[in-house]
Amino acid sequence: MEDVRPPSVGSDLPEQVPALALRDLVFFPSMVLPLLVGRPRSAAALAEAAAANPGAGLLLLVAQRDPGSEDPAAEDLHRVGTVARVIQTTPLADGTARVVFEGVARVQVRQFLPGPGPFRAEISPLPYPTLEDPATGDSELQALVRRVERGFREYVDLHPDLPSDLAVLVTDIEDPVKAGHRVAGHLLVSAREKQRLLEAESLPELFHEIMALLERELEILRIEDRLDLEMRRRMDDDRRQHYLTEQLRAIQKELGSGSPEFEDVRARLAAASLPDVVREKAELEFERLQRMNPVSPEAAVIRSYLDWILALPWQERTADNPDVAHARTVLAEAHFGLEEVKDRILDHIAVLSLVGELKGPILCVVGPPGVGKTSLGKTIAKALNRNFVRVALGGVRDEAEIRGHRRTYVGSLPGRILQGIRRAQSRNPVFLLDEVDKLTKDGHGDPSAALLEVLDPEQNRTFQDHYLELEFDLSEVLFVATANTLGGIPDPLRDRMEVIRIPGYLDTEKRSIARDFLIPEQLRRHGLDQSRVRISDEVVARIVESYTREAGVRELDRLLARVARKMARRVAEGALPPTEQVLLQVGDLNELLGPVRHLRTSRDAAADRVGIATGLAWTAAGGELLEVEVSVVAGTGAVQLTGTLGDVMKESAMAAVTYARARARELGLKAHFHSEVDVHIHIPEGATPKEGPSAGVTIAAALVSALTGIPTRDDVALTGEITIRGRVLPVGGIKEKAVAALRSGIGTMILPQGNAPELELLPAEVRERVRFLLVDRMDAVLDLVLTSRPGASTVGTVMGEALGDSSNPGTRLSQ
């Protein structure tokens, strides 16, 4: 067999040459191409070639098997490469060199020689064998060459990255070997495919391989050309910037290879457990997505929509734990007191254990800040073995925040209900609606109205969010709402909830909570050993009595944290002995917390309490004592009201004045006294707005005391609404007011007869330590609160002590 190769190859090749490894590139004979040489081994190979033959050194250019390898070994290199001649070398500023190579001959690597420095290889020429039947073989080879030349011309014409004159330079060569190598070298295909061309065992095989690659690439280029024409007809100027992306998507579709992003959505959709209606909707939207431009705004909206559908727990639920004893233990460990709330929760769990599902009104826990309303939701979830999610509704003013935005809006999302369900990752979580009384409304709608469907057990099984437009079953969700007051909750929404009031903690309860919950937690947070640092019960009692005035324990917790920080600092500074036990005493509080903040001062002595009466008020932070002062001076009958009073309280004050005028004779006053004096009614702490009808009897008692000069009792507190005829009407907030009376050392509380049923709901300690007197007329209030009887007689009677001897309804407090 004879060699078919250029005359210059012959036997001029040395048996050993330095080798230069190429990454992601295959070099062919007859090619002239510049390369950047920068790796140390490559630079050493270049230097050795230049030293062996200055100006025209020979190197072996061989491709790496793994283009990502930075320092390949000999076994990482192919065994067929090209010997190339160095034409020009230009050093660059970054330390690399730009070298122009000319391919000389295809060679076989017999072996790579071991040793330091550059690769060195023993090579032998690898010519193509002659044809077995020259007459027939030459004709077939000529036909293959012509087909390749025609195909390459079309390839150059269609490919946008190749110069148009390249076809003439490459194909206008008589030698078929050179022509084949130049065509192969200019094909824009992978290095793996080019290496296969270089390793072809014969010329016919080489041209067959080239023709197969050309046909494939031409088919792709024709598709691109056709799509280019179609897209130009339908794309406007604003979408031309997405032209290349659309081309890629269309090519992938023609070749049957989908986008990885679409494949991910398809896989998730197939694996998701969805109801039939939801799956049908999701598959329809997915088909729309596949037909769209991936970078179009609508495609992003659909993709986000599908993500939400696939992320929601349509079928997933957690297994409930209906063990009532377990729930009782969990509630007792997490919360002190709150017996009514715990009892209602245990009722729910008992029903769950019997019927297997929870149905009924939504719980709404109402109480001042810091009494544990929010943490109660977590405890319920733990007792039931359910996931927990909390949504804060304070300041929410848009109906779409609850029900979601429609997808026509930019940046639309589902409402907070479905967002919470997604975070819970189950369809039966404990869902806490925090601060439901802080909802507001404006021109965008009323969010409380949107909650009506959410909290209605008969409707929420078909809850439909505006964003999804699909029904989601909320009937298995246990909703728990919290609020500071009921006043901010609309009546229709309140009607859907079962209200449980938490009036606030008594001082004894606060001490127990601090001892059992707060102190151990604060010592743990601050790295203090409970066996070494102890806080005495007297210290806790002093903090509760002298440093806090709150219904909850939030401020108490902050003060205990401050104490723990001070102790931790002493430990860190070495001020405390390393092994000695430290017991915090009352005398240390002034140094740790500063002077006391709330002094429990005795109220004015009886002789100084003329025109002063102690009332009870309800606030969002619990009950408070309210001192009402009245001063009567000579004048012309003017009535002045100060203390930032609301309209209802002003009306109560005017009703009290009218009552006093109507009862002037019975009170021992002149018939026209009102025209001779001015009355000034003042409620201290003028910077604080005050509103409500429950101060009516207190204002009337202080007014009568000022007019008659009879002082009021300092251990009696009042609450109740007054009419101009002297009737005493029931008011709200009895729990909170009773707790405030006990906290302030009040021994007797006068309240309307209409509030009698609420006394049974008061904590046992309050009922034991506070005396409750029920009245229905203002005259009876005066008999109880004034130190002596005004006028000649008293018309009203005392209804009796609510918790005392009901057989003696006329009993009055002893003077």
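## Buried rings, packed helices and a two-core chain

Phe 431 and Phe 479 are both buried (buried means under 20% relative accessible area, exposed over 50%, partly exposed in between, with a 1.4 Å probe and protein chains only). The model is predicted: local features need pLDDT of at least 70 and side-chain atom pairs pLDDT 80 or more, while totals for chains, interfaces and linings use all residues. Residues are numbered from 1 along each chain as its sequence is written, and side-chain values use heavy atoms, leaving out hydrogens and water.

**The chain as a whole**

- The chain has 815 residues, and buried residues make up 48% of them.
- Its secondary structure comes to 26 helices and 24 strands (DSSP runs numbered from the N terminus: helices are H or I with at least four residues, strands are E with at least two).
- Contacts (heavy atoms within 4.5 Å) often reach far along the sequence: among those between residues at least 6 apart, 73% join residues at least 24 apart.

**Aromatic rings**

- Six aromatic pairs are found in the structure (ring centres of Phe, Tyr or Trp, using the six-membered ring of Trp, within 6.5 Å; planes under 30 degrees apart are stacked, over 60 edge-to-face, and the rest tilted).
- Trp 314 and Phe 472 form a tilted pair, because their planes stand at 55°, with ring centres 5.1 Å apart.
- This pair links distant parts of the chain, 158 residues apart: Trp 314 is in the loop between helix 10 (297-311) and helix 11 (324-334), and Phe 472 is in strand 11 (residues 471-472).
- Trp 314 and Phe 472 are both buried.
- The rings of Phe 431 and Phe 479 also make a tilted pair, since their planes are at 45°; their centres lie 5.4 Å apart.
- Because Phe 431 belongs to strand 9 and Phe 479 to strand 12, this pair ties together parts 48 residues apart in sequence.
- Two arginines place their charged ends over rings (CZ of Arg, or NZ of Lys, within 6 Å of the ring centre and within 35 degrees of the ring normal): Arg 106 sits over Tyr 128, 4.0 Å from the ring centre, and Arg 422 sits over Trp 308, 4.3 Å from the centre.

**Helix 1, a helix with two sides**

- Helix 1 (residues 40-52) has 13 residues, and at 1.5 Å a residue it should span 18 Å (1.5 Å times one less than the number of residues); its end C-alpha atoms are 18 Å apart, which agrees.
- Ser 42, Ala 45, Leu 46 and Ala 49 are the buried residues of helix 1.
- Those buried residues share one side of helix 1, because they cover an arc of only 100° around the axis (taken from the directions from the helix axis to the C-beta atoms).
- An α-helix has 3.6 residues a turn, so residues three or four places apart point the same way.
- Pro 40 and Ala 51 are exposed on the other side of helix 1.
- The partners of the buried residues of helix 1 are strand 1 (16-22), strand 2 (32-37), strand 3 (58-63), strand 4 (80-91) and strand 5 (97-113).

**Helix 16 and the nonpolar cores**

- Helix 16 (residues 447-454) is largely enclosed by the rest of the structure, because seven of its eight residues are buried.
- Those buried residues are Pro 447, Ser 448, Ala 450, Leu 451, Leu 452, Glu 453 and Val 454.
- They pack against several elements, including helix 15 (416-424), strand 9 (430-434) and strand 12 (478-483).
- In the largest nonpolar core, which has 54 residues, Leu 451 and Leu 468 touch the most other members (a core is a set of buried Ala, Val, Leu, Ile, Met, Phe, Trp, Tyr and Cys residues joined through side-chain atoms within 4.5 Å).
- Helix 10 gives this core its largest share, seven residues.
- Apart from that core lies another, of 51 residues, among them Leu 352, Ile 380, Ile 543 and Leu 592.

**Three residues to find in the model**

- Val 62 is in strand 3 and counts as buried, with a relative accessible area of 0%.
- Residues touched by Val 62 include Leu 20, Leu 77, His 78 and Phe 112, not counting residues up to four places away in sequence.
- Val 62 and Gln 195 are 133 residues apart in sequence, with C-alpha atoms 9.5 Å apart.
- Lys 737 is in helix 24 (residues 734-743), and it is buried because its relative accessibility is 1%.
- The C-alpha atoms of Lys 737 and Gly 615 are 9.3 Å apart, across 122 residues of chain.
- Ser 546 is in helix 19 (residues 537-546) and counts as buried at 12% relative accessibility.
- Leaving aside neighbours within four places in sequence, Ser 546 is in contact with Val 596, Arg 597 and His 598.
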